[in-house]
Amino acid sequence: MVSADLLANAVAAGVLLGGFYAAVAIGLAIVFGQLDIVNIAHPAFIIVGSYVAWIVNSTFGFDPVLIGVAVAPLFFGLGVAIYRLYYAAFERTGQESLSGLAFFFGVMFIIEVVLIMVYGVDYRLVQADYIGRTWSVGFVDFPLRMLVPFTVAVALTGAVYLYLSRTFMGRAIQAVAQDRLALQLMGADPVRVKQWAFGLGIATAAIAGALLIIIGPVEPSVGRQYIGRVFAIVVLGGMGSIQGMFIAGLILGVIESMVSTFVGPSWAPAVAFGVLGLTLALRPAGLFGRQ
Amino acid sequence: MSSAVFWGTLAAVFAAGLALTGLVENEYYYNALYLILQAMLMAVAWNILGGFTGYVNFGSAGFFAMGAYTTVALHKALGLPLPLLILAGGAVGGLVGLGVGYLTLRLKGVYFAIATLAMAIVVETLINNWTYVGGARGFYILTPEKHLWFDSYIQMLFVVMLLLTLAAVAVSRILNSSRLGRGLAAIRDDEIAAECAGVPTLKLKLISASVMGAMMGVAGAPFPFFVTFVDPVSAFNLFIAVNAIAMPMIGGTAHWIGPVIGALLVGTTQEVVKVTVSSEMNVLIVGIMLVLFITLAPQGIVGLAQRLRARGSR
């Protein structure tokens, strides 16, 4: 029989994990969902964020979340530069589908190998005084190393949601997703808007990377496990819908946590891809898709 | 290249490979050549679906590992000889390829690529949890005593891999230059238009996906005997998938010779760098070559050559 407290703990852990997944996937929800750029290197950028957090934290002892927020502008600049390259090489010539995909595959691989060459395959972790502590409500545990990332992730998702729906630039990003030509006719430059949006997507990777290394130790190839998760979340959430993506993140987190608890942790990696496969086969528009 | 020249070249290469085993003792060369040939076989296979038909497969390592683990399972259960194991690996890979072919009914472009990646991870999780073939701990396999008339087992494996790769290149050329290949090219350029023009798109996609899967399974089948220790990390190595994509992309995807050129260039560079610099650098170099080539020469080396020739004749 499944005991009630085990179930409650699994659900609570799943919700916290799912919220964090939303922070991991939100950059891709912008880049892939809104701009149709298949950035499979997104998890690799998140790992770079983790390593930046680790380096600064181990040298100066700053809080990882603060580091993530502080380096986000640098990541934004990096994202803009990558988009310029991507645009010049693929989008302008209309070859983005096959070549663009292989391009990001190559970028992902280069990031991973360079990290391995420079820092090795050791697991790295950060220090912060809240990491070891746990809050308990009744028999349900909320470890702070999960709760802090969850809170930051919710704040990040909310901020991106407000940005996309309330500000001029945010609406321009949504406009470029809906109708690029119409945006051009309104006198706006779609390339400039997309470059801004891509930068924003990569900037979230700095914060997500800091959260990732708070949750647990990180080594360069961890990013690969997140490819399936982020795409599962974005596709299940309906491509670019921020609310949908958040709910999809929670669903995936809870399912993964249940599978780890009741079946075994070694089966958890297949969950995301199973969810992704089922979604693609049964309802490609996702739960909240703009059909 | 005319047919006579093509078959003549294949025969000459095979004869040269056989002659090599009589002349050179040093096992390192067979190791290096085996790895280059294995990568070439994977690249030729990837190109049949990716290059000819236009469906990007990120799950190459999954097919490769299926071939390798078919060998492990059947070797442990029945102790079959190598030729039968290779056939079995090809059959398993081909069947899974057929399944992937059916995926193309619903999934196009990016979604198909991600689904193949998903397939590879799901298979990896299955293998990790399948204790009969060693699970996550891996599986040791003893090198068989017998190796025909060759001096060592690795020499025989090298000749086997040479034969398999040459066969794959021949199949790839036949597919590319036949009526079937023109159908595949039509699907790549515009699937709806091809369907309207009477190309049996589903049938062709299924053939192309099955052939790709079978070749990759065949490439993986001798792998356990080559490394003598297989675990999911080595069999599902991302490096295998990256190589399988990078080599055709660098050589040129539209023509059958593209992956062959790409594999010769990248594979040789890798082996040289592995010896002279370091084995991490050898991995990095593929990534860099891939990114450079697709940004600067999207048609690959074959495309560059064709452009040069067009300019020369003008």
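**Asking how the labels were earned**

Me: What makes the span of helix α12 (residues 238-251) of chain B close to the expected one?

Reply: This is a predicted model. In it, α12 of chain B has 14 residues and reaches 20 Å from its first C-alpha to its last. The expected span is 1.5 Å times one less than the number of residues, and for this helix that comes to 20 Å, so the two agree closely.

Me: Why is α12(B) called mostly covered?
Reply: A residue counts as buried if 20 or more other C-beta atoms lie within 10 Å of its own. In α12(B), 13 of the 14 residues are buried, so "mostly covered" fits. Just after the helix comes B:Gly252, with a positive phi near 120°.

Me: Why is A:Asp36 called partly exposed?
Reply: A:Asp36 has 18 other C-beta atoms within 10 Å. Buried needs 20 or more and exposed needs 12 or fewer, so A:Asp36 falls in between. You can find A:Asp36 in the loop between α1 (4-34) and α2 (42-60) of chain A, where its phi is positive, about 60°, although it is not a glycine.

Me: And what makes B:Thr228 exposed?
Reply: B:Thr228 has 12 other C-beta atoms within 10 Å. The limit for exposed is 12 or fewer, so B:Thr228 qualifies. B:Thr228 also has a positive phi, of about 65°, without being a glycine.

Me: How do you know that β1 (residues 134-137) and β2 (residues 140-143) of chain A pair?
Reply: Pairing requires at least two bridges. These strands have four, in the antiparallel sense, so they pair. Across the pair, A:Trp135 stands opposite A:Phe142.

Conventions:
Residues numbered from 1 in each chain as written. Chains lettered and ligands numbered in written order. Predicted model: local features only at pLDDT ≥ 70, side-chain atom pairs only at ≥ 80, totals over all residues. Helix = DSSP H or I, 4+ residues; strand = E, 2+ residues; numbered from the N terminus.
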